[in-house]
Amino acid sequence: MCGIVGAVAQSNVVPILLEGLRRLEYRGYDSAGLVVVHDGKLERIRSTGRVVELTGKSTNTQGLIGIAHTRWATHGIPSERNAHPHISKNQIAVVHNGIIENYEELRSLLAANGYEFTSDTDTEVIGHLIHSHYVQGKKLLEATQAALAELVGAYAIGVIAADDPDRLVCARRGSPLLLGVGDSGLFIASDVSALLPVTRQVVYLEEGDVVELGRSGYRIYDAAGKKVDRVVQTSELSNESVQLGEYRHYMQKEIHEQPQALANTLESVCNSQSLVPGIFGAEAAATFADIDSILILACGTSFHAGLVARFWLEEIAGVRCNVEVASEYRYRTSVPNPKSLVVVISQSGETADTQAALNHAKLLGHSHTLAICNVPESALVRLCKLRMLTRAGPEIGVASTKAFTTQLAALFLLTLVLAKQRGRLTEQQELQHLNELRHLPSATQMVLELEPQIAVLAEKFANKQHALFLGRGLHYPIALEGALKLKEISYIHAEAYPAGELKHGPLALVDQYMPVISVAPNDALLEKLKSNLQEVRARGGELYVFADANTHIREVDGVHIMQMPEHAGYLSPILHTIPLQLLAYYVALQKGTDVDKPRNLAKSVTVE
Ligand code: M6R
């Protein structure tokens with residue numbers, strides 16, 4: 001979603017802002033813009049194209065202070081007039097990520113007071129509100145604080161004023177923003193990757209923080225307006241990890257990083273001989289002893305990880321588990337169970353719906369909370385009592401890949417720890433699971449070797465309009481994930497069904513034009529699945545089967561087999577995900593879509 005970069009520096013900030021925006025492109029956007037103060041005036045450039053076009057337009061722009069933005073449209077179509085920064089009366093410029101809920105009411109009030117609106121955005125009210133306080137003699141900081149007090153909703157903002165070229169004010173509530181402390185200046189950004197060329201020293205702002213950045217330092221005020229100190233941390237994010245390297249797309253790179261990402265996530269466990277609750281935090285042992293069930297809240301791919309985990313948790317650990325889409329849970333009347341462990345799963349840790357669902361659960365009296373997340377300093381991690389960090393490294397492609405498989409690894413560890421604590425795991429079983437986990441990175445590497453075959457297979461999908469994914473049991477969520485990947489990046493309509501459901505409706509869709517992709521592990525449901533596949537063949541459907549060794553599903557006319565190297569038991573969903581990621585990737589290449597930045601989507605969905 002929207003990305004913010006800002007700088008107060010000793011040299012021209014325009015290259016810093018543009019490079020920052022380029023690094024935030026992965027978040028998803030449809031327009032971009034920047035503004036600097038030059039000779040006491042605000043100079044703004046905006047573009048509905050890519051950051052590279054903005055760069056082309058900025059050759060004559062310079063200033064020692066500026067703010068910049070990539071916009072993902074919420075209020076108003078993607079257009080230059082709706083692109084940020086927004087300017088009030090040539091004096092105040094603002095960039096914003098989030099949604100202002102009371103903007104219509106504020107817009108009417110401001111319009112009645114003579115403010116002209118030149119966009120359809122909710123953001124424009126912020127600039128005018130700050131201006132309305134600024135012209136009454138308040139300093140930029142105080143004017144911003146006064147305006148923020150009138151806003152309802154979520155925001156991360158950066159603000160500058162034409163007649164105050166040494167001051168940048170920023171604030172956050174509900175949307176991510178951090179401060180960068182460099183040798184050559186002070187910076188703000190939506191995430192740390194934007195600032196790596198200028199600094200690694202960062203301050204993660206808390207909810208409600210307002211910051212004044214000047215040439216001689218910065219001051220942070222908390223939600224109550226009290227001056228506070230926040231820790232300056234050194235980001236460990238490496239510059240290389242956000243570079244494309246030898247790969248054509250970030251998605252391809254991230255699919256290939258899975259063996260390493262899994263090895264990193266499992267590192268502490270695989271180096272030891274036994275599992276301990278401590279990997280989820282100091283209070284984990286006591287918390288796990290006090291719970292009688294699990295409630296998983298997540299969105300999209302992370303939700304699918306939760307669906308797989310439900311099978312593991314109930315079957316191996318014997319713990320009752322519910323999995324809910326966060327955006328639904330937050331608004332439905334549910335029956336709270338304070339003895340339940342609320343597990344939020346998220347790559348970014350900033351997904352607005354998942355955050356809201358967690359807060360809702362807490363309000364209902366749930367105090368046992370665990371975050372499974374890929375971003376250590378994210379909101380969800382800070383909001384939960386327990387945490388397990390997936391160590392996938394930065395995920396740039398909008399389609400989640402390595403985040404998903406590492407989430408599964410973390411959820412499997414949770415299952416084993418709970419099973420052990422409940423006396424459901426013998427020492428021998430524990431060792432066997434640990435051995436299987438140790439083998440997982442190399443098993444993943446072997447599956448990646450199917451890539452050339454899948455690239456060829458993908459050619460058959462280039463002209464398809466629809467696809468059906470089938471799975472059973474533990475692998476039904478993998479079918480869901482395969483369908484999500486395909487629709488997200490190739491724009492082919494894809495649906496997933498538990499194979500046993502076919503004859504209850506979707507079989508009506510099957511004919512020679514409908515490709516049916518099936519996940520076929522060599523597990524207890526294999527024979528049932530084979531019967532379901534016969535039902536498809538009997539209707540002329542073209543089958544694409546990802547089959548484990550020894551499944552004895554034969555390649556015949558209309559049945560294409562992709563042979564998986566081995567059967568990985570409970571860990572099989574992790575391995576079966578990978579060919580489906582590759583299939584989506586190569587189909588998208590065939591279709592020529594924007595793989596890493598699919599239309600209409602954003603990487604971190606920080607608004608509702
Ligand atoms: O950052 P999160 O894991 O909370 O994001 C949740 C979803 O928005 C995300 O998984 C989305 O579905 C992906 N684009 C799927 O590839």
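The following is a friendly exchange between a student and a tutor about a predicted model of a protein chain.

Student: Let's begin with the overall layout. Into which domains is the protein chain divided?

Tutor: Happy to start there, and keep in mind that the model is predicted. The centres of domain 1 and domain 2, taken over C-alpha atoms, are 34 Å apart. Their contact takes 11 residues from domain 1 and 10 residues from domain 2. The full division is domain 1 (3-242), domain 2 (250-446) and domain 3 (451-591).

Student: Where does the largest nonpolar core lie with respect to the domains?

Tutor: This core has 91 residues, and Ile-294 and Phe-469 touch the most other members. Helix α13 gives the most to the core, with 12 residues. Both domain 2 (250-446) and domain 3 (451-591) give residues to this core, so the core lies between domain 2 and domain 3.

Student: Which residues is Phe-469 in contact with, leaving aside its neighbours within four places in sequence?

Tutor: Good one to follow up, as Phe-469 is one of the two residues that touch the most other members of the largest core. With its neighbours within four places in sequence left aside, the contacts of Phe-469 are Ala-479, Gly-482, Ala-483, Leu-486, Ala-494, Glu-495, Ala-496, Tyr-497, Ile-517 and Leu-580.

Student: Let's look at a residue in α13. Is Thr-415 buried or exposed?

Tutor: Thr-415 is found in helix α13, which covers residues 402-421. Not counting residues up to four places away in sequence, Thr-415 touches Trp-312, Leu-313, Ile-316 and Ala-317. Its relative accessible area is 0%, and the cut-off for a buried residue is under 20%, so Thr-415 is buried.

Student: Which backbone oxygen does the side chain of Thr-415 reach?

Tutor: The partner is found by looking at the side chain of Thr-415 and a backbone oxygen at 2.8 Å. A polar contact needs N or O atoms within 3.5 Å, so this pair fits the distance limit. The backbone oxygen belongs to Leu-411.

Student: Now for Arg-71. Is Arg-71 buried or exposed?

Tutor: Arg-71 is found in strand β4, which covers residues 65-71. Leaving aside neighbours within four places in sequence, its contacts include Cys-2, Tyr-29, Asp-30, Asn-82, His-84 and Thr-121. With a relative accessible area of 3%, and buried meaning under 20%, Arg-71 is therefore buried.

Student: How far is the backbone oxygen of His-75 from a polar atom of the side chain of Arg-71?

Tutor: The side chain of Arg-71 reaches the backbone oxygen of Gly-76 at 2.9 Å. For the backbone oxygen of His-75, the distance to a polar atom of the Arg-71 side chain is 2.7 Å.

Student: What separates the C-alpha atoms of Arg-71 and Ala-32?

Tutor: Along the chain, Arg-71 and Ala-32 are 39 residues apart. In space, their C-alpha atoms are separated by 5.9 Å.

Student: On to empty space. Which residues are closest to the centre of the largest cavity?

Tutor: A search of the whole structure finds 2 cavities of 30 Å³ or more, and the largest has a volume of about 90 Å³. Strand β6 (residues 92-100) gives the largest share of its lining, 3 residues. Of the 14 lining residues, the closest to the centre are Cys-2, Thr-74, His-84, Gly-98 and Asp-122.

Student: Which element gives the largest share of the lining of the largest pocket?

Tutor: The largest pocket has a volume of about 1,100 Å³. Its lining has 44 residues, with Leu-237, Asn-374, Val-375, Pro-376 and Pro-394 nearest the centre. Both β15 (233-234) and α7 (258-270) supply at least two residues of the lining. The largest share, 3 residues, comes from α7.

Student: Let's finish with the backbone. What is the peptide bond from His-84 to Pro-85, cis or trans?

Tutor: Most peptide bonds are trans. Pro-85 is found in the loop between β4 and β5 (86-88). Omega from His-84 to Pro-85 is near 0 degrees, and the bond is cis.

Student: What is the phi of Asp-39?

Tutor: Most residues other than glycine have a negative phi. Asp-39 is in the loop between β2 (31-38) and β3 (41-47), and at 68% relative accessibility it counts as exposed. The phi of Asp-39 is positive, near 50 degrees.

Definitions and conventions
Residues numbered from 1 in each chain as written. Predicted model: local features only at pLDDT ≥ 70, side-chain atom pairs only at ≥ 80, totals over all residues. Heavy atoms only, no water. Helix = DSSP H or I, 4+ residues; strand = E, 2+ residues; numbered from the N terminus. Buried < 20%, exposed > 50% of the residue type's maximum accessible area, 1.4 Å probe, protein only. Polar contact = N/O pair within 3.5 Å; in protein donor to acceptor, adjacent residues only side chain to side chain. Contact = heavy atoms within 4.5 Å. Core = buried A, V, L, I, M, F, W, Y, C linked by side-chain atoms within 4.5 Å. Domains from an automatic or database assignment. 1 Å grid on protein atoms, 1.4 Å probe; cavity = no way out; pocket = protein on both sides within 12 Å on 5 of 7 lines; lining within 4 Å. Points joined across faces, edges and corners; volume = space filled by probe spheres on them.
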